[in-house]
Amino acid sequence: MGCQYFEVCEHGAETFTVAMPKLTFGRGCLSEAGPRFASRGIKKVALFTDSYLRDSEYVNTVRTSLIQSGMDVTTFSDIRIEPDDTSVMNGARFLNSDQFDGVVSVGGGSVIDTAKAAMIYALFPADFNDYFAPPIGLGKPIPGPLLPHLACPTTSGTGSECTSVSVVRINSLNTKFVLGSPHLLPVEALVDPSVCDTLPSNVVSSTGFDLLCHAIECYTAKAYTKWQKVTDPTARTFLQGANPWSDLAASKALEIAGKYLVRGVADNADTEARDQLMWGATLAGMAFGNSGTHLPHAMSYGVTHLMNDITTKDYEVKSPFVPHGLSVIVSAPAIFRHIAEGAPLRHMEAANYLGADSKGGTVDESGEIIAKRIIELMQQTGAPNGLSGVGFDESHVNALSDSSARQKRAIANTPKETNLTDIQNIYRDAIRYW
Ligand SMILES: [Fe+2]
């Protein structure tokens with residue numbers, strides 16, 4: 001196939017970059033926080049977490065380890081699920097309240113993303129929207145390095161510990177957008193799967209679908225060789241398209257999700273499944289941190305923008321609230337049915353990694369095959385039945401589409417060209433699946 005990887009397209013990129021934090025994985029690794037951060041010469045740590053985790057065993061392990069290694073630690077826990085401009089600016093003010101020389105985050109994606117974004121505005125003050133891409137902001141580059149950041153995820157989904165992005169809600173626009181810069185990548189990550197032992201089923205389900213979509217989207221994204229060549233290497237974004245590195249991590253993450261998601265949701269004593277899902281989330285983070293996601297993530301933003309009078313069991317959050325992973329998965333089957341023809345073989349391979357029954361199916365049917373497998377996993381884990389399961393019907397299609405169409409860069413990473421009409425048709429097909 002032309003333009004796939006080492007066969008370069010005219011004006012297309014010839015190189016791709018792999019960016020990763022130093023990553024430690026395994027039960028008990030949270031207690032390595034102190035020695036690891038002290039070895040970087042750090043003395044005064046800002047510890048970001050949320051109010052639910054603040055007094056948890058996980059945060060205490062990290063805090064104690066940092067203190068025992070001679071560091072001064074101050075905790076900031078005024079963080080909301082789905083960070084917004086207000087909570088990010090509170091974090092920035094906290095960082096400016098002392099001479100911190102390092103940041104540690106312990107929590108889900110919301111905590112890690114708040115720590116990343118707060119550092120930007122603490123170190124490089126600007127109007128809030130300036131660092132967001134147009135049409136939302138001015139697309140200003142983040143001017144320089146942030147503080148050394150050690151990220152410790154407590155859910156098996158986000159992958160934020162491996163990425164150069166932070167997702168923040170802008171209250172005046174009532175929707176979420178992405179801040180992206182190589183400076184946002186944490187320097188180290190401690191991924192300790194024991195944090196998943198006490199996660200409620202619905203959190204494992206939602207974060208598991210997030211990891212699953214990260215992996216499929218990376219694997220099926222437009223190839224990096226099809227993106228325009230960037231002559232300034234420092235201007236190349238993490239969202240560079242599918243590449244051999246992201247394939248490697250995404251394909252393994254898909255195998256893990258296909259094999260362990262249902263088990264991990266069904267039984268919180270199944271530590272094998274939950275450990276595997278944590279590793280799968282880490283792999284998917286390594287993958288999408290170096291390729292970018294595409295349409296399922298872009299179309300999740302419309303859902304979280306317009307959700308109304310809805311909440312999800314096991315999350316201590318006021319309505320309206322649809323967890324990120326569910327906001328992504330509700331449209332995913334309809335999306336893959338529509339776009340698979342842009343990269344049919346890749347969708348077939350992804351379906352097979354995910355454990356789909358593709359016997360007798362042709363590559364031309366790969367969109368249907370992968371959609372069927374995702375729907376099967378949704379049913380087996382009690383996920384909402386498409387958009388209708390999170391409070392939407394036909395009458396919301398145009399508003400959802402207009403909202404999501406603003407995610408231009410992610411939409412451009414889709415393997416098949418997708419316009420507003422396509423997005424409307426996909427939302428219409430995502431209302432319900434069974
Ligand atoms: Fe995600």
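**Helices, domains and two backbone details**

Trainee: When α5 passes α6, is the crossing left-handed or right-handed?
Mentor: Let's begin by finding the two helices in this predicted model. Helix α5 covers residues 201-220, and helix α6 covers residues 244-266. Where α5 passes α6, the crossing is left-handed.

Trainee: And how are α5 and α6 oriented to each other?
Mentor: Start with the angle: α5 and α6 pack at about 155 degrees, with their axes 8 Å apart. Angles over 145 degrees count as roughly antiparallel. The orientation of α5 and α6 is therefore roughly antiparallel.

Trainee: Which charged residue takes part in the contact of α5 with α6?
Mentor: The residues of this contact divide into 13 nonpolar, 6 polar and 1 charged. On the α5 side you meet residues including Val 204, Leu 211 and Tyr 219, and on the α6 side residues including Ala 250, Asp 247 and Leu 261. Asp counts as charged, and the charged residue of the contact is Asp 247.

Trainee: Let's move to α8 and α13. Why are they called oblique to each other, and at what angle do they cross?
Mentor: Helix α8 spans residues 295-306, helix α13 spans residues 397-404, and their axes come within 8 Å. Roughly perpendicular covers 65 to 115 degrees and roughly antiparallel begins over 145. The crossing angle falls in neither range, so α8 and α13 are oblique. They cross at roughly 120 degrees.

Trainee: How many charged residues are in the contact of α8 with α13?
Mentor: Met 299, Tyr 301 and Val 303 are among the α8 residues that meet α13, where Leu 400 and Ser 403 are among the partners. The residues of this contact divide into 7 nonpolar and 5 polar, and the number of charged ones is none.

Trainee: What is the angle between α3 and α4?
Mentor: It helps to know that two packed helices are described by the angle between their axes and the distance between the axes. For α3 (residues 85-95) and α4, the distance between the axes is 8 Å. The angle is about 60 degrees.

Trainee: How many nonpolar residues are in the contact of α3 with α4?
Mentor: Val 88 and Leu 95 are among the residues that α3 brings, while α4 brings several, including Ala 115 and Met 119. The contact also has 3 polar residues and no charged ones. The nonpolar residues number 10.

Trainee: Stepping back, which strand gives the most to the side of domain 1 that touches domain 2?
Mentor: The domain assignment gives domain 1 as 28-191 and domain 2 as 201-429. Their C-alpha centres lie 25 Å apart, and 22 residues of domain 1 are in contact with 30 residues of domain 2. With 3 residues (it spans 175-180), the top contributor on the domain 1 side is strand β7.

Trainee: What is the radius of gyration of the protein chain?
Mentor: The chain has 15 helices and 8 strands. For 434 residues the globule rule gives 22 Å, and the chain's own value is close to that, so it is as compact as a globular protein of that length. The radius of gyration is 20 Å.

Trainee: Where along the chain is Pro 135, which is joined to Pro 134 by a cis peptide bond?
Mentor: The bond between Pro 134 and Pro 135 has an omega of about 10 degrees. To place Pro 135, look after α4 (109-123) and before β5 (149-153). Pro 135 is in the loop between α4 and β5.

Trainee: Which residue has a positive phi although it is not a glycine?
Mentor: Look in the segment before β1 (22-25). There, a phi of about 65 degrees belongs to His 11.

Note on methods:
Residues are numbered from 1 along each chain as its sequence is written. This is a predicted model: local features need pLDDT of at least 70, side-chain atom pairs count only at pLDDT 80 or more; totals for chains, interfaces and linings use all residues. Domain bounds come from an automatic or database domain assignment. Two residues are in contact if their C-beta atoms, placed from the backbone, lie within 7 Å. Helices (H or I, at least four residues) and strands (E, at least two) are DSSP runs, numbered from the N terminus. Axes are lines fitted to C-alpha atoms, for helices over the stretch in contact, and angles run from 0 to 180 degrees between N-to-C directions. Angles under 35 degrees count as roughly parallel, over 145 as roughly antiparallel, 65 to 115 as roughly perpendicular and the rest as oblique. The radius of gyration is taken over C-alpha atoms; the globule rule is 2.2 Å times the number of residues to the power 0.38. A crossing is left-handed if the near helix is turned anticlockwise from the far one by less than a right angle, and right-handed if clockwise.
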